[in-house]
Amino acid sequence: MLLLGCIKEVTDYELALSLPNGLSGFVPVTQISDAYSKLLTKQVAQGELLEELNSLPDIFSPGTLVRCIVTSIEKRDDGSRSVKLSIDPKKVNRGLSSTALAAGMLLSGSVVSVEDHGYIIDIGVTGTHAFLPHQKAKNYIKAAKKGPDLKIGQNLNCLIVEVKNEGRVVCLSIDRSEVAASIATERQNWALSNLLPGLVVKARVQKVDPLGMKVIFLSYFTGIVDFMHMDPEKSMSYSPDQVVKACVLSVHPTSRAVRLTLRPPFLHAGGAPRQLPGQRLGAVLEQATVKAFYKQFGAVFELDDGTLAFARLKHLSKTRKSFKPGAFKEGCKHKCRIIDYSLMDEMCIVSLKHQIIEAQFLQYQDIHSGDVVQGKVLSLKPIGMKVKLAHGIRGLVPSLHLSDVILKQPEKKYNIGDEVKCRVLECNPGGKKLILTLKKSLIQSKLPVLSNYEDAKPGLITHGFVVCAREFGCIVKFYNDVKGLVPKNELGSELISCPDKVFYEGQVLKVMVLKCEPEQERLLLSFRLSSKPGPEDKWKCTPKEKQKVKYQIGEVVDVKILKKKDNGLEVSILEDEDNVVGWIPTLHLSDFVATSKLLWHCLQEGDVLPRVMYLSDRGERIILSRKSAVISAVQEEQVVRSFSEIQPGMLLTGYVRNVMPFGVFVEFPFGVTGLAPKVSMSDKFVTDTKDHFVVGQTVIAKVMSIDEEKQRVLLNLKVSECSSGDSAAESFALLYQYFKELKEIRNLSRRGEPSICELVPGKRVHLVVQDVREDGSALFSSSSVTGLTVTATRYHLGDKNIAPGEKRKAFVLHVDAVTSKVYVSLREELLKQGPKRVSMHSVFEFVSFCLS
């Protein structure tokens, strides 16, 4: 069947055509022309791009009318049909012969080659050579704006200007004015076997009825103009014997039926139908008025802007059984949604189905990278899972993205027809390419979506997935094919010698943007998410001012606090003529993380800290530590100074540098680091590593094994494995150090908040009720607790009914020096007994907690 179609979309692999009566079809890249197919075959054979082979978007433009022929009708997975077409002149013009060619004929041609004086054109007629002079193509090329020359494979609407040697040679023109003026006549000897769509003819009306009219053209041809292709402004004024101008839309070879259109844009050969404004597609209209109802086809509606729209019968109701013809009398109003636009009918296609009106997406353009969508599983294949999001919208979940972990047998987890929640990784509306992910860590992520390089600002933290792990680092991908490099030195706080042993393809991780060059699409990333010191935090110096560090790792010095910052203290080393400046990170103020924060809170600029150890020189500044356990280990030579000194079974004191999902990295004095895998972290079962360790925590680790070639150390942090034998002595020493530091904090607190120092857990105080909250808790005040917030929960009020202004005796439960909050209890059992003695069992529990 021959049809006139209008190009709707152009991709690298096919043309999408709008066909008459709201139908659509597709022209594969192999059905353009013989010359174009030969270039494709040559390029595939050579394995390199050919300069003379242009992509389909470079040759074709949406809105162009083309003649086509149906090659096949295929059934899709969802039961709908796909119409495959060809615009190859050899197939479209197969009914023509060289002897039938005549001047004034209009037919399709395709560019074969570019010559000195013009172009060789393939018109699909055996034994005929067609030539197009440059002069006859000049205006067309200028208007098309596709370059200085026509391109091989370009489809043209050609007018035969001259026929020579009984049709063996023809001269053509594609000049727009000449083509537009052409009208098919009886002198051109058209027959039903070679009649072509796109011909403009003069026709005589034979019969008119509500569904259309019957016409006669070219003396003896009979054709049909259906109701959709009458001129809307003249549809009520047609009468028998009236002469009208018409354009051939289709020719059916079996039924010999010819259909025509009277719509104005088609009445000039080479014309273009009107386009629908982009914002109208997908619009929901509350009231569309029925203009006409055709029980075999559907209904015509008038929209809010006065234009007409058509709804097929199947789109008027949810099912055939629920369809009520009485609801579609002329003048009735209905809610509908514009689901498509037929270029060939110049009419919107609407649907009244509730599920379509409420649908989230109607076309690929509605979908954006990062959107969370709901879909239905269509099929499972080795490359991944095909998912249907809506009618005509399908996406692919690559096998790598079927789960957070790689699934060897995805068919055991997913079944065809299952509803799945996905997130859009990439959407290319032009190519109808939609890539989705089923990784929960990406679907549930609340971090920003990185879908273009312009948004990748330094410091941005987001989720990405590993696509490659090599010796140089990791390639991490985000949305919309944005990707970047995590170099080896940014994979963690310590050097990871073999990234491919730690990271795997498809692994979802948080990353931080370090640097981005949008023009070059280059992105530098880091897995180290801790905030890096800004320029103002760094110890800056010119070559003349550079400090000559004369201290060795392990040397103990006294320091004076110069400046307090959010993450540590800037200090100067006392009794040093060069005024050497160092840095004590907050977490290095104590072996105990909680105590470190308290110390930082209580210390002031100008305070002197004794016995601080020189830990390392990171190039930017000297790092100092006040961790007693670490200092003792260095002074007692219970350390290793290089990797070569490490032996399995050693017990080493260090501190946590990084906590990862797969384990904990521990650093020791002199820079040696090791990894405690998840299975060796605790005597208890580890679900989440962050529940067991925090960065900065002092630990005792046992060396399990070493890999000299990869310079890797594996550690054990289980309390049961990390005792030197005299666990009681170790525990009491640790407990003694803890209480000693608490006493130091108390003494420091006396300067600014003396009332806090007087309050200890177990002490009885007299308070005045200030307020009783809605949740049942109460606020108190007293001359002994000025400047503090004193609270008792509902439980700790016991059975007492209190009111503001009353005086009460209370028992101190806890004092938080950092937030200046005191928690008390009014319960009689506590006030009577007073503070209990600490049992030995409680001591050991506390020590075990500190060690683990």
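Two strands pair if DSSP finds at least two bridges between them.

**View 1. A hairpin built from strand 27 and strand 28**. In this predicted model, strand 27 (residues 473-477) and strand 28 (residues 483-487) run antiparallel and are joined by five bridges. Look for C474, which stands opposite V486 in strand 28. Five residues lie between the strands of this hairpin, where N480 takes a positive phi near 60°.

**View 2. The largest nonpolar core, with W190 in focus**. This core has 50 residues, and I121, L150, W190 and F217 are those with the most contacts inside it. Leaving aside residues up to four places away in sequence, W190 touches L96, M105, L106, A184, T185, L195, L196, L199, L218, Y220 and F221. A second core, separate from this one, has 26 residues, including A288, A299, C348 and V350.

**View 3. The buried side of helix 10**. Which residues of helix 10 (residues 628-635) are buried? They are V630, I631, A633 and V634. Because these residues cover an arc of only 160° around the axis, they sit on the same side of helix 10. Follow the chain just past helix 10 and you meet E637, which takes a positive phi of about 60°.

**View 4. The whole protein, to place the close-ups.** The secondary structure comes to 14 helices and 45 strands. Of the 852 residues, 48% count as buried. Among contacts with a separation of 6 or more, 59% come from residues 24 or more positions apart. The accessible surface comes to about 43,500 Å², and 52% of that belongs to carbon and sulfur atoms.

Conventions:
Residues numbered from 1 in each chain as written. Predicted model: local features only at pLDDT ≥ 70, side-chain atom pairs only at ≥ 80, totals over all residues. Heavy atoms only, no water. Buried < 20%, exposed > 50% of the residue type's maximum accessible area, 1.4 Å probe, protein only. Helix = DSSP H or I, 4+ residues; strand = E, 2+ residues; numbered from the N terminus. Arc of directions from axis to C-beta. Core = buried A, V, L, I, M, F, W, Y, C linked by side-chain atoms within 4.5 Å. Contact = heavy atoms within 4.5 Å. Areas by Shrake-Rupley, 256 points an atom, 1.4 Å probe, with all protein chains shown as cover.
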